[in-house]
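Reader: I'd like a close look at one chain of this model, followed outward to the partner it touches. Please take me through it as one connected account.

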Amino acid sequence: MSALIRFARSPEGLAGLVILAVLAIVAALAPLLFPGDPLRIAGTPMIAPFTDPSLPLGTDRLGRNVLAGLVHGARASLIVGIAAAIVAVLIGSIVGTLAGFAGGLIDEALMRVVDAFQIVPGFLLALAFVSVLQPSLPIVILAIALGAWTGPARLARAEVLSIRERDYVASARIIGMHPLEIALREVLPNALPPVLALSAVIVAGAVLTEAALSFLGLGDPNIVTWGSMIAEGRAVLRSAPYLSIVPGIALIATVIGTYLFGEGLSAMLSRREQQS
Amino acid sequence: MTPILDVKGLTKTYRSNGRVVQALDDVSFSLAEGETLAIVGPSGSGKSTLSRAITRLVGVDSGAVQFAGQDWLALTSADLRRQRRQMQMVFQDPLEALNPRASVFSAISDPIRIHRLAPRSAWRAEVSALLDRVQLPTSLLDRAVHEVSGGQRQRVALARALACRPRLIVLDEAVSALDVSLRARIIDLLIDLQRQEKLSYLFVSHDLGVVKAMAHRTAVMETGRIVEIGPTLSVIDTPQSDMANALIAAVPRLHRGPSQ
Amino acid sequence: MSELLRLTNLSLTYPRQTAPALVDITLSLVPGEKLAIIGESGSGKSTLARAIADLQPSGTQVSGEISWPAFGRPAQPGVDYGMVFQDPGSNLNPVLRIGEQVGEAAQRHLGLTWRQAEDVALDLLKKVQIPQPEAALRAYPHQFSGGQRQRIAIAAAIAANPRLLIADEATSALDTLVQAEIARLIQSLVTSEKMTLLFITHDIALASQLADRIAVMHQGKLVEIGPAQTLITAPASAYTRHLLDTYIDLDAAPRIALGAS
């Protein structure tokens, strides 16, 4: 409970929570707000925003409803962003924890694998992966995670290494606790929260990477995403900049929202507030 | 009467910054049942390494330890886990000594659960009884460790050690971080427990005043070796080694005169 | 001669706390004196030191007055007072060389060039008895022991010749031998450099060895203040008497029954 209070005390966390909540609700309600395929033709092409009340944000080059695209695109961005972050944190935590506990040769070997992945810029790695395989949502998610898992891996390993040296872990050994129980009850619950705080930043990065992949035409072609909308608007950037700007603003808002939420998570997890 | 703990020739070196450090150099001593042996010395003397070596937290290069009639250093894995509840340790920093996310109840009941010392239905009563013994209110049972003050945490750590029903407790600077008024109470508590349970204590400390209060015998360490060992009052009143002399001279005394 | 520092009805509450950390503190510091502030944890002794050094976190509510009659203006850190903290590990910046850190206050506040500041730093390292001071200038904090780092921290604190040295539990994290050395060093430096000393500690015996006057704090309040000798032999307050009674030092009798071996 005190953890939630700490979160509530952080203005950034609350702001981030509000932004993400709005996004999540909008994304969840997409099929209700705009039933049917957002990629179907809804009206005449290139209607400007705020001119037609039934098409509040206008239409794009093919006459598709921009607002419908925006709302449905929110789903893709959030799903990809969150899923990619979950996969990255999962893979990273497992590898990092293994390395931290095992030590020795296993630790060295695993860290060299981490190094190898970290050398390639995350986006290029995702790009290469998607180019080789058929672009679809799961592939895009995996591609992004491949570039993002090394951060959580290093952090998890560092936390595990540090916590293993704490007195309370020594105390657990001395009372005769089994090493597996020590790992699961004493070390991991204390090691993983900072990794979880990192995941918010990874979501933000994943959303951006997904947008970039879609922009380059490497995203899933069957769904609308903000990246693909920005790409579509590129051709008419001079005459109708709103087609790229509107999804761009949505992207910025999402990234800022996840980042602020991550700050709130960090505030919640830091316990160094005691004065004496 | 066989000593509860018999240490012979403990030696440990390690490499640090390219230098070879002799953490323990042929350390030998014994401890009788119901006795307190203090290990004193400056930082770097090896007393912390000694307490960690004896509790099997770190390994040694050579030497032998007999504890409760067993070849202590030869025990491994499941055997060691089973036997080591008889030798417990209370650490110096109460804020680090317990898992901050655990509850007071689980911190104290862990040993009872792990070693099946009581049926599950009796755990709460056992833990409450232990809290009583260390003079803590039973209302702390369901609090999280991080919600509890430093002085209280040290007593929870002591209750955790006692839950193991140990024969020997290593007190590694266990009262150094406590307030002065609490210190006296904990020392008296430890002495009472010792009398009631025939507990032995290995009391590592740099505070000679506390050592005088509660240790029967004292060993003085310097750079990994024991340079003097004997009844506490002898070591304090008639020190033989330079280190003992230095330690005694360094203890602040309640002076009656102003500084120069 | 006017007082160096005067606290009048000083009260302080940390942000987001309901209970005050300091309650109505009134005391003054005479130039050249050594005042020890003793108390248990939570007594407010460190809070008091930090309030004087203007180190409280933003959002702290402070009422009452901190004035520096000898200066006639608010005191400046480094130049008017220097501070040494408890933890030798975090007193010094691990990535800067010793020479830079010790000389920094001199360079900044005395307007010296780097060369001159380095000479001052060398001088100070000699004063605090660091072995091989020339080599030490180039070295990093991790190459020194805890006690040596504390000496270096003291050197850095007095680099700009402040009138007041505040030692906030400066010896509490050190073992007995080193503690005695550092206490002796602080005493002799304060005398030779003609400084005033504010020494925060939980150890009443250490305070009695070091200080001219002792102030006792308990739960944010100033319980008693007086000459060290008088306070130790004839304490006025029950709390001070309790602290003295429960103090375990080498003059106290053993609490175990001897012969039961």
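Author: Happily: what follows is a walk through chain B, from its overall build to some of its residues and its neighbours.

A word on conventions comes before the tour. This is a predicted model, so local features are described only at a pLDDT of at least 70 and side-chain atom pairs count only at 80 or more, while totals for chains, interfaces and linings use all residues. Residues are numbered from 1 along each chain as its sequence is written, and chains are lettered from A, with ligands numbered from 1, in the order in which they are written.

Let's start with confidence. pLDDT is the predictor's confidence in each residue, on a scale from 0 to 100. For chain B the average is 91, and 98% of the residues score at least 70. The stretch to treat with care is residues 256-260 of chain B, where the pLDDT is below 50. Beyond near neighbours in sequence, that stretch still has 13 contacts in the model, a contact being two residues whose C-beta atoms, placed from the backbone, lie within 7 Å.

Now the overall build. Chain B has nine helices and ten strands; these are DSSP runs numbered from the N terminus, with at least four residues of H or I for a helix and at least two of E for a strand. Its radius of gyration is 19 Å, close to the 18 Å that the globule rule gives for 260 residues, so chain B is as compact as a globular protein of that length. The radius is taken over C-alpha atoms, and the rule is 2.2 Å times the number of residues to the power 0.38. Along the principal axes, the C-alpha atoms of chain B fill a box of roughly 55 × 50 × 45 Å. Among its contacts with a separation of 6 or more, 67% link residues 24 or more positions apart.

Of the 260 residues in chain B, 50% count as buried. A residue is buried if 20 or more other C-beta atoms, placed from the backbone, lie within 10 Å of its own, exposed if 12 or fewer do, and partly exposed in between.

Helix H1 (residues 47-54) of chain B shows this well. Seven of its eight residues are buried, so the helix is largely enclosed by the rest of the structure. The buried set is not purely nonpolar in name: Lys47(B), Thr49(B), Ser51(B) and Arg52(B) belong to it, along with Leu50(B), Ala53(B) and Ile54(B). After H1(B) comes Arg56(B), with a positive phi near 65°.

Gln135(B) also has a positive phi, about 60°, although it is not a glycine. This residue lies in the loop between helix H4 (123-133) and helix H5 (150-163) of chain B. Gln135(B) counts as partly exposed because 13 other C-beta atoms lie within 10 Å.

Further along is Gln196(B), found in helix H6 (residues 180-197) of chain B. Gln196(B) has 9 C-beta neighbours inside 10 Å and therefore counts as exposed. Gln196(B) and Gly34(B) are 162 residues apart in sequence, yet their C-alpha atoms are 9.3 Å apart in space.

Two residues of chain B also bring us to the largest nonpolar core, a set of buried Ala, Val, Leu, Ile, Met, Phe, Trp, Tyr and Cys residues joined through C-beta atoms within 7 Å. This core has 244 residues, and Leu202(B) and Phe203(B) are among those that touch the most other members, together with Ala84(A), Ala155(C) and Ala159(C). The most residues, 18, come from helix H9 (residues 179-215) of chain A. Leaving aside residues up to four places away in sequence, Ala84(A) touches Ile141(A), Ile144(A), Ala145(A), Ala148(A) and Ala206(A).

Finally, the neighbour. The contact between chains B and C takes 36 residues from chain B and 38 from chain C. On the chain C side, the elements giving two or more residues are helix H6 (176-192), helix H7 (204-210), helix H8 (228-233) and helix H9 (238-246). H7(C) gives the most to that side, with six residues. As for chain C itself, its secondary structure comes to nine helices and nine strands. Its C-alpha atoms fill a box of roughly 55 × 55 × 40 Å along the principal axes, and buried residues make up 48% of its 261 residues.
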